[in-house]
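This report is meant for someone meeting the structure for the first time. It moves from a single residue to the whole chain, and then to some of the contacts between side chains.

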Amino acid sequence: MTTKGTPVRAHLGAVGRRALVLVGLVPSAMITLFAGIALLISAMMIVAAGIGLVLVPLALVALRGWTDLHRVLAGRLLGREVPVRSRGLRGGVGSWWKQLLGDRATYRDLLWMPLQVVVGGALGLAAMLLLGIPVVSVAAMVLWWLPIGAELQYLPGFAMGDPLSAYGLGIPGLLLGSLLAYKLIPPMAQAWAELTARLLHESTVDALEKRVDVLTETRADALHAHNAELRRIERDLHDGTQAKLVSISLRLGIAQQVVREEPETALTLMSEAQQRTDSAMAELRTIARTIYPPILADRGLTGALHSLVADSGVPAHLELGEVGALPAAIEAAAYFVVAESLANVGKHSGASFALVSVGRIDDHLRVSITDDGRGGIEESRGSGVTGIRRRVAALDGRTTVDSPVGGPTTVTAEFPCAP
């Protein structure tokens with residue numbers, strides 16, 4: 001549907017696309033009818049020869065692909081996503097049946113078939129009739145003088161084979177038919193899309209099951225990332241800080257032994273120990289920052305973000321909206337998303353500027369980083385986005401990346417932070 005100010009040309013294009021979809025419902029209804037007959041024959045072959053035990057699951061998979069196509073069409077007409085439901089079959093024939101019969105989407109697919117044949121076919125035929133009126137009108141006004149002109153009729157007895165009837169009926173028919181098509185086709189397409197989306201969309205139970213699967217996967221990823229982080233911290237402490245502490249202990253022990261006989265040597269050893277102590281403390285502060293940045297505790301998320309932007313290797317600007325009180329885990333995750341993104345911009349993008357936007361939208365914290373670099377992020381090549389996704393998903397958030405070749409690149413993370 002259009003909004004005020006939309007150009008007429010764009011609206012006509014939208015009407016044309018909806019008309020094509022509606023006209024396509026006629027062959028779609030016929031294919032769906034034949035698919036239903038084929039599915040019925042496959043089911044009957046279970047009794048006849050047992051071949052149906054294999055054919056029926058394959059037919060249901062093919063049906064799922066067919067309904068997924070209509071899910072996509074309905075989603076485009078409605079301007080929102082209607083998730084596809086395709087799933088590959090795993091295991092043997094028995095497992096196929098279990099997967100399909102245990103999937104509620106299978107029953108929605110089967111219920112959609114007769115409705116598509118009846119409702120979709122009827123709407124398609126109605127659209128063809130609406131489009132046929134102006135087509136016949138134009139044909140009559142152009143071809144009335146040919147023998148075919150006498151065969152052009154709106155209704156029985158209303159032939160259009162002479163100029164009076166051709167133009168007398170053709171002009172009003174063209175205007176009225178075009179107006180009816182312009183007014184009626186969009187709501188008809190909208191009605192079909194709403195019906196299809198409502199029937200084929202996942203139910204609340206399906207959505208919950210899917211959500212559980214996603215959460216299980218993200219929690220597993222988070223646990224894996226957490227274990228890897230612990231191993232990294234242990235390695236940093238063992239190879240760095242612990243080695244320095246051992247060296248300090250040895251130097252202090254030797255200094256204690258020689259302090260009376262060789263005071264200058266003892267002073268040198270204690271000076272080295274002090275230097276290594278400072279180095280060890282710096283390493284500990286670095287490691288601590290990777291766990292929970294102290295600046296968050298000292299200055300809060302707002303101050304920490306200002307510090308990140310000020311220290312960015314690429315000139316950056318911070319647009320900070322209202323964030324309110326946030327859990328510590330979300331503050332830390334938002335901080336690391338910005339830190340990692342700015343680091344990626346500096347290392348890989350070739351950008352000259354970055355914009356960081358952070359603000360609360362209803363019950364979500366939205367963090368967005370945009371740069372004017374070369375774009376074309378490929379996450380499989382270690383762009384750092386995978387780590388961001390895992391960190392955000394662990395808090396039940398969502399990450400989106402828009403990075404066309406040539407830029408700009410925008411990384412957006414949204415965290416739920418309802419009270």
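Is proline 172 buried, partly exposed or exposed? In this predicted model, proline 172 has a relative accessible area of 42%, and it therefore counts as partly exposed, since that class lies between the 20% limit for buried and the 50% limit for exposed. Proline 172 is found in helix α5, which covers residues 163–200. When its neighbours within four places in sequence are left aside, proline 172 is in contact with Tyr167 and Gly177. Serine 137 is 35 residues from proline 172 along the chain, and the C-alpha atoms of the two are separated by 8.4 Å.

**The chain as a whole**

The protein has ten helices and five strands, and of its 419 residues 34% count as buried. Its accessible surface comes to about 24,100 Å², of which 64% belongs to carbon and sulfur atoms. Among the contacts between residues at least 6 apart in sequence, 67% join residues that are at least 24 apart.

**Helix α2 and its nonpolar patch**

Helix α2 runs over residues 52–78, and its 27 residues, at 1.5 Å a residue, should span 39 Å; the C-alpha atoms at its ends are 37 Å apart, which agrees with that expectation. The helix is followed by glycine 79, whose phi is positive, near 75°.

A nonpolar patch of about 420 Å² lies on the surface and is made by Ile51, Leu53, Val54, Leu55, Leu58 and Val93. Helix α2 gives the largest share of this patch, namely four residues. Leucine 58, one of the residues that make the patch, lies in helix α2 and is partly exposed, because its relative accessible area is 42%.

**A network of salt bridges**

The structure holds five salt bridges, and three of the pairs are set out here with the distance between their closest N and O atoms.

| Acidic residue | Basic residue | N to O distance |
|---|---|---|
| Aspartate 109 | Arginine 64 | 2.6 Å |
| Aspartate 68 | Arginine 71 | 2.8 Å |
| Aspartate 109 | Arginine 71 | 3.2 Å |

Aspartate 109 forms a salt bridge with arginine 64, and this pair links distant parts of the chain, for aspartate 109 lies in helix α4 (residues 104–143) and arginine 64 in helix α2, 45 residues apart. With a relative accessibility of 1%, aspartate 109 counts as buried, and arginine 64, at 5%, counts as buried too.

The side chains of aspartate 68 and arginine 71 also meet in a salt bridge, and because these residues are three places apart in helix α2, about one helical turn separates them. An α-helix has 3.6 residues a turn, so residues three or four places apart point the same way. Both aspartate 68 and arginine 71 are buried, the relative accessibility of arginine 71 being 0%.

Aspartate 109 forms a salt bridge with arginine 71 as well; since aspartate 109 lies in helix α4 and arginine 71 in helix α2, this pair ties together parts that are 38 residues apart in sequence. Taken together, Arg64, Asp68, Arg71 and Asp109 are linked in a network of salt bridges.

**An aromatic pair**

How many aromatic pairs does a search of the whole structure find? The search finds one. The rings of tyrosine 335 and phenylalanine 336 have their centres 5.6 Å apart and their planes at 80°, so the pair is edge-to-face, planes over 60 degrees apart being counted in that way. Tyrosine 335 and phenylalanine 336 are both buried.

**A loop residue**

Serine 352 has its place in the loop between α9 (328–349) and β2 (354–361). Which residues is serine 352 in contact with, once its neighbours within four places in sequence are left aside? They are Val314, Pro315 and Asp372. Glycine 373 is 21 residues from serine 352 in sequence, while their C-alpha atoms are 7.0 Å apart in space.

Technical notes:
Residues are numbered from 1 along each chain as its sequence is written. This is a predicted model: local features need pLDDT of at least 70, side-chain atom pairs count only at pLDDT 80 or more; totals for chains, interfaces and linings use all residues. Side-chain values use heavy atoms; hydrogens and water are left out. Helices (H or I, at least four residues) and strands (E, at least two) are DSSP runs, numbered from the N terminus. The expected span of a helix is 1.5 Å times one less than its number of residues. Patches are made of residues with over 30% relative accessible area and no salt bridge: like charges are joined within 9 Å, nonpolar side chains (Val, Leu, Ile, Met, Phe, Trp, Tyr) within 5 Å. Accessible areas come from the Shrake-Rupley method with a 1.4 Å probe; for residues, only the protein chains shown count as cover. A salt bridge is a side-chain nitrogen of Lys or Arg within 4 Å of a carboxyl oxygen of Asp or Glu. Buried means under 20% relative accessible area, exposed over 50%, partly exposed in between (1.4 Å probe, protein chains only). Rings of Phe, Tyr and Trp (its six-membered ring) pair if their centres lie within 6.5 Å; planes under 30 degrees apart count as stacked, over 60 as edge-to-face and the rest as tilted. Contact means heavy atoms within 4.5 Å.
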